[in-house]
Amino acid sequence: MTAPDTPSDTTNSASSASTYEARAKLNLGLAVLGKRDDGFHDIDSLMVRLNLADTLTLTPTDAGIQLTVHGDTAAGVPDDASNLAHKAAQLYLDAADVAAGVAIDIHKKIPVAAGLGGGSADAAAVLHGLAELYPTGLD
């Protein structure tokens with residue numbers, strides 16, 4: 001399996017679509033060390049990535065963000081601007097000043113609200129994919 005932000009080997013050059021796996025993670029240990037000045041917390045965590053993954057396909061579009069979510073564990077996952085993958089896409093396109101858009105297809109396999117980081121992994125995969133589709137030099 002590939003890392004959450006690594007493209008898999010399946011790219012459809014005819015449509016310029018790229019496919020990514022967003023792997024689940026499991027926290028084996030987590031300690032909150034304290035609150036930072038920015039409101040976030042410092043943590044000490046031990047986690048492992050699992051072979052369980054959502055599959056995301058990103059296809060460049062002329063404008064906007066279209067999000068489709070399906071799969072056995074998709075019930076309850078929003079397919080609108082409240083989805084973390086959609087939010088990540090919007091933030092990237094805005095920060096990179098990209099006028100084009102993206103269609104995001106998420107095939108959910110990671111159970112929702114199970115503490116496995118599926119939403120965050122999907123958002124990370126979108127950021128990685130957009131950096132490949134629309135390179136800007138953003139870190």
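In this predicted model, Asp97 sits in the loop that links helix 1 to strand 5, and its phi is positive, near 55°, in a residue other than glycine. Asp97 is also exposed, with a relative accessible area of 70%, and it comes after helix 1 in the chain. The protein as a whole comprises two helices and five strands, which follow one another from the N terminus in the order β-β-β-β-α-β-α.

**Overall composition**

- Of the 139 residues in the protein, 32% are buried, and the accessible surface amounts to about 7800 Å², with 53% of that area belonging to carbon and sulfur atoms.
- When contacts between residues at least 6 apart in sequence are considered, 69% of them join residues that are at least 24 apart.

**Strand pairing**

- Strand 2, covering residues 17–35, pairs with strand 3, covering residues 41–61, in the antiparallel sense and over 15 bridges; one of the residues involved is Glu21, whose bridge partner in strand 3 is Thr55.
- These two strands, strand 2 and strand 3, form a hairpin with five residues between them, and within the turn Gly39 has a positive phi of about 95°.
- Strand 3 also pairs with strand 5, again in the antiparallel sense, through seven bridges, and here Pro60 has Val102 of strand 5 as its bridge partner.
- Strand 4 and strand 5, by contrast, run parallel and are joined by six bridges; among the bridge partners in strand 5 are Ile104, which is matched with Leu67, and Asp105, which is matched with Thr68.

**The two faces of strand 4**

- In a regular strand the side chains alternate between the two faces of the sheet.
- Strand 4 shows this alternation, with Ile65, Leu67 and Val69 pointing to one face and being buried, whereas Gln66, Thr68 and His70 point to the other face and are not buried.
- Taken with the pairing above, Leu67 is thus a buried residue of strand 4 that has Ile104 as its bridge partner in strand 5, while Thr68, which is not buried, has Asp105 as its partner there.

**Helix 1 and its surroundings**

- Helix 1 consists of 12 residues, 84–95, and spans 16 Å from its first C-alpha to its last, which is close to the 16 Å expected at 1.5 Å a residue.
- The residues of helix 1 that are buried are Ala85, His86, Ala88, Ala89, Tyr92 and Leu93; they lie on the same side of the helix because they cover an arc of only 160° around its axis.
- The cover over these buried residues includes strand 4 (65–70), strand 5 (101–107) and helix 2 (118–133).
- On the face turned away from the buried side, helix 1 carries the exposed residues Leu91, Asp94 and Ala95.
- At the start of helix 1, a side-chain oxygen of Asn83 comes to within 2.7 Å of the backbone nitrogen of Ala85, and Ala85 is itself one of the buried residues of the helix.

**Asp80, in the loop before helix 1**

- Asp80 belongs to the loop between strand 4 and helix 1, and with a relative accessible area of 40% it counts as partly exposed.
- The side chain of Asp80 makes a polar contact, at 2.5 Å, with the side chain of Ser82.
- Once neighbours within four places in sequence are set aside, Asp80 is in contact with Leu67 and His86, of which Leu67 is a buried residue of strand 4 and His86 a buried residue of helix 1.
- The C-alpha atoms of Asp80 and Val69 are 9.6 Å apart in space, and the two residues are 11 apart in sequence.

**Positive phi values outside glycine**

- Most residues other than glycine have a negative phi.
- Besides Asp97, with its phi near 55°, Ala113 has a positive phi, of about 60°, although it is not a glycine.
- Ala113 is located in the loop between strand 5 and helix 2, and it is exposed, with a relative accessible area of 83%.

Methods
Residues are numbered from 1 along each chain as its sequence is written. This is a predicted model: local features need pLDDT of at least 70, side-chain atom pairs count only at pLDDT 80 or more; totals for chains, interfaces and linings use all residues. Side-chain values use heavy atoms; hydrogens and water are left out. Two strands pair if DSSP finds at least two bridges between them. Helices (H or I, at least four residues) and strands (E, at least two) are DSSP runs, numbered from the N terminus. The expected span of a helix is 1.5 Å times one less than its number of residues. Buried means under 20% relative accessible area, exposed over 50%, partly exposed in between (1.4 Å probe, protein chains only). The arc is that of the directions from the helix axis to the C-beta atoms. Contact means heavy atoms within 4.5 Å. A polar contact is a pair of N or O atoms within 3.5 Å; within protein, one must be able to donate a hydrogen and the other to accept it, and residues adjacent in sequence count only if both atoms are side-chain atoms. Accessible areas come from the Shrake-Rupley method with a 1.4 Å probe; for residues, only the protein chains shown count as cover.
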